[in-house]
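Please follow the account below with the sequence and the coordinates open side by side, since it moves from one local region to another.

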Amino acid sequence: MFGSILSMCLAALAVGLLILIHEAGHFVAAKAIGVRVEVFSIGFWKKLVSFKYGETEYQLSLIPLGGYVKLAGESPEEATGEPDEFWSKTPGQRSIVFVAGVTMNMVLALIGFIAAFAVGVPFTVAEIGSLEKGMPAWEAGLKEGDEIVKINGINRPDFQDVTRQVALKGLKQVPIVVNR
């Protein structure tokens, strides 16, 4: 039970991080082109905590499954023509604000991918666990504990590589090299 509660909390934290980075992209792009940001919110519905810094109110809301950046003059109906409003900017500048959130998510994904592989990603070793008498692996002379170091030209395969190569060859023999 504790594991599932921890998993849910970690998932909520991950979603919250994605939202924060996404909204921060919109925020930074808006500020960079001179648009006034009225509200930067993580979450929806009831405001839990907020503070104002400069012209922006930063808030954390009850339902953390989203967020938003409220820009001055965001909709054409509320625009007054002030130079720091969203609709006072050129179409190119407005599109930068729209695209910035997704761009930041892609940057986060790239950084996460690099970090994961720098730390290490576990792979299932291509080692023979158990064999059934009469099955192709047994008839090929494989033994329990053998490590497959090469299969069909692939060096240092993981278990998925072995499964894929065997499945693709069908009934044909698959050349392998094992370390006993």
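In this predicted model, a convenient place to begin is Asn152, which, leaving aside residues up to four places away in sequence, touches Gln165, Lys169, Val174 and Pro175. One of these partners, Lys169, is 17 residues from Asn152 along the chain, and the C-alpha atoms of the two are separated by 9.5 Å. Asn152 itself is found in the loop between β3 (147-151) and β4 (154-155), and although Asn152 is not a glycine, its phi is positive, at about 50 degrees. With a relative accessible area of 29%, Asn152 is partly exposed, because that value falls between the 20% under which a residue counts as buried and the 50% over which a residue counts as exposed.

Further along the chain, Arg156 lies in the loop between β4 and α4 (159-169), and Arg156 too is a residue other than glycine with a positive phi of about 50 degrees. Is Arg156 buried or exposed? At 77% relative accessibility, Arg156 counts as exposed.

Turning now to the N-terminal part of the chain, helix α1 takes in residues 2-32, that is, 31 residues, and spans 44 Å from its first C-alpha to its last, which is close to the 45 Å expected at 1.5 Å a residue. After α1 comes Gly34, whose phi is positive and near 90 degrees. The buried residues of α1 are Gly16, Ile19, Ile21, Glu23, Gly25, His26, Phe27, Ala29 and Ala30, and what covers them includes β1 (37-53), β2 (56-71) and α2 (91-119).

The packing of α1 against α2 deserves separate description. Two packed helices are described by the angle between their axes and the distance between the axes. For α1 and α2, the angle is about 140 degrees and the axes are 7 Å apart, which makes α1 oblique to α2, because only angles over 145 degrees would count as roughly antiparallel. The crossing of α1 and α2 is right-handed. On the α1 side, the contact is made by Leu17, Leu18, Ile21, His22, Gly25, His26, Ala29 and Ala30, while α2 contributes Ile96, Val97, Phe98, Ala100, Gly101, Val102, Met104, Asn105 and Leu108. Sorted by class, the contact of α1 with α2 has 12 nonpolar and 5 polar residues, and no charged ones. As for the spacing of such positions, an α-helix has 3.6 residues a turn, so residues three or four places apart point the same way.

Terms used: Residues numbered from 1 in each chain as written. Predicted model: local features only at pLDDT ≥ 70, side-chain atom pairs only at ≥ 80, totals over all residues. Heavy atoms only, no water. Helix = DSSP H or I, 4+ residues; strand = E, 2+ residues; numbered from the N terminus. Expected span 1.5 Å × (residues − 1). Buried < 20%, exposed > 50% of the residue type's maximum accessible area, 1.4 Å probe, protein only. Contact = heavy atoms within 4.5 Å. Axes fitted to C-alpha atoms, helices over the stretch in contact; angles between N-to-C directions. Parallel < 35°, antiparallel > 145°, perpendicular 65-115°, else oblique. Left-handed = near helix turned anticlockwise from the far one by under 90°. Nonpolar A, V, L, I, M, F, W, Y, C, P; charged D, E, K, R; others polar.
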